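Open the model in your viewer and keep the selection panel at hand. The stops below go from the whole chain to a single sheet and then to a pocket.

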Amino acid sequence: FGCTVFVTLNALETLMKRLYSKDFDYSERYIYNLAKVVPPGHDPHDIAEKIRKEGVIDQDLLPFKDSLEEFSKPRPITKDLIDKGHTWLNRFDFKHEWLWTDDLKDISKRHNLIREYLKYSPLGVSVTAWKKNEKGEYSSDGEDNTHWCMAFKIDDQNRVYIFDSYDQEIKILTADHDIQFAKRYNIREKSPDEQLTNIRVSLISLILNYVKSIINKTSKGFGELVEATFSKRQD
């Protein structure tokens, strides 16, 4: 049920490897449980928004588990893990957008948009899973899209090449495959000045929260002291 999580992270990691010439491996469990994914699946826009607002964490901080029961923990995500995600946000700026709206029915125009935006990043695309023709291509055959995959290529025949996280295979869609939704992604490393500003803001926020907790504890203690004194006098 987590295809939108796996694909969004696949696209992000692929784009970052292309930009920074190194491997990145982020935790699917973190985003999966942050978004509270449940059957039958989750909105790819919300998954991307979770990354934009809460960041990502390294795989070894919350490693992959084969058991769905274990994979679905912790829920809710703990504050220390979210703080790690915010540390990533101090360094990187992640954005995303739809390639077209629901009213774009012309598949050829969709192909043009896919071809253009594949110049900048892998794409998340919705597909119909799975009907294979005699050529080994996958068609939608008039059915609704049911799956989210990473598109990384479109050829001269307008066949879109996708990576399917479910069975970890590359598949080729028919030229008339009705891709109803597609999303592009962008990652930017912040400048040293931006990162320093973010660190200062985080530090100020940490100090303010600490002072607030001290005040709350002190106020509570003072109130308890007054109450106890008043009770004794009443006795």
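A residue is called buried at under 20% relative accessible area, exposed at over 50% and partly exposed in between, with a 1.4 Å probe and protein chains only. By that rule, buried residues make up 38% of the 235 residues in the chain. This is a predicted model, in which local features need pLDDT of at least 70 and side-chain atom pairs count only at pLDDT 80 or more, while totals for chains, interfaces and linings use all residues. Numbering starts from 1 along each chain as its sequence is written, and side-chain values use heavy atoms, leaving out hydrogens and water.

Colour by secondary structure. The chain has 7 helices and 8 strands; these are DSSP runs numbered from the N terminus, helices being H or I with at least four residues and strands E with at least two.

Next, select the sheet. Its 6 strands form an open sheet in the order 1-8-2-5-6-7, with antiparallel pairing; two strands pair if DSSP finds at least two bridges between them. Strand 1 (92-98) and strand 7 (169-172) are the edge strands, each pairing on one side only. From one strand to the next, the twist averages 35°.

Now select strand 2, residues 123-127. Towards strand 8 (residues 182-189), 3 bridges join the antiparallel pair. Leucine 123 has arginine 184 as its bridge partner there, and glycine 124 has lysine 183. Towards strand 5, 5 bridges join another antiparallel pair, with leucine 123 opposite alanine 151.

Which residues cover the two sides of strand 2? Leu123, Val125 and Val127 lie on one side and Gly124 and Ser126 on the other, and all are buried.

Add the helices that meet the sheet. Helix 5 (residues 79-91) lies across strand 1 and strand 8, at about 90° to strand 1. Angles run from 0 to 180 degrees between N-to-C directions, with axes fitted to C-alpha atoms, for helices over the stretch in contact; contact means heavy atoms within 4.5 Å. Helix 6 (residues 107-117) packs on the sheet, touching strand 2, strand 5 (147-154), strand 6 (160-164) and strand 8, and its direction makes about 70° with that of strand 5.

Finally, select Phe1, Gly2, Cys3, Thr4 and His147, which lie nearest the centre of the largest pocket among its 30 lining residues. A pocket is an open set of points on a 1 Å grid where a 1.4 Å probe fits, with protein on both sides within 12 Å along at least five of seven lines; lining residues have an atom within 4 Å of a point. Helix 1 gives the most to this lining, with 4 residues.
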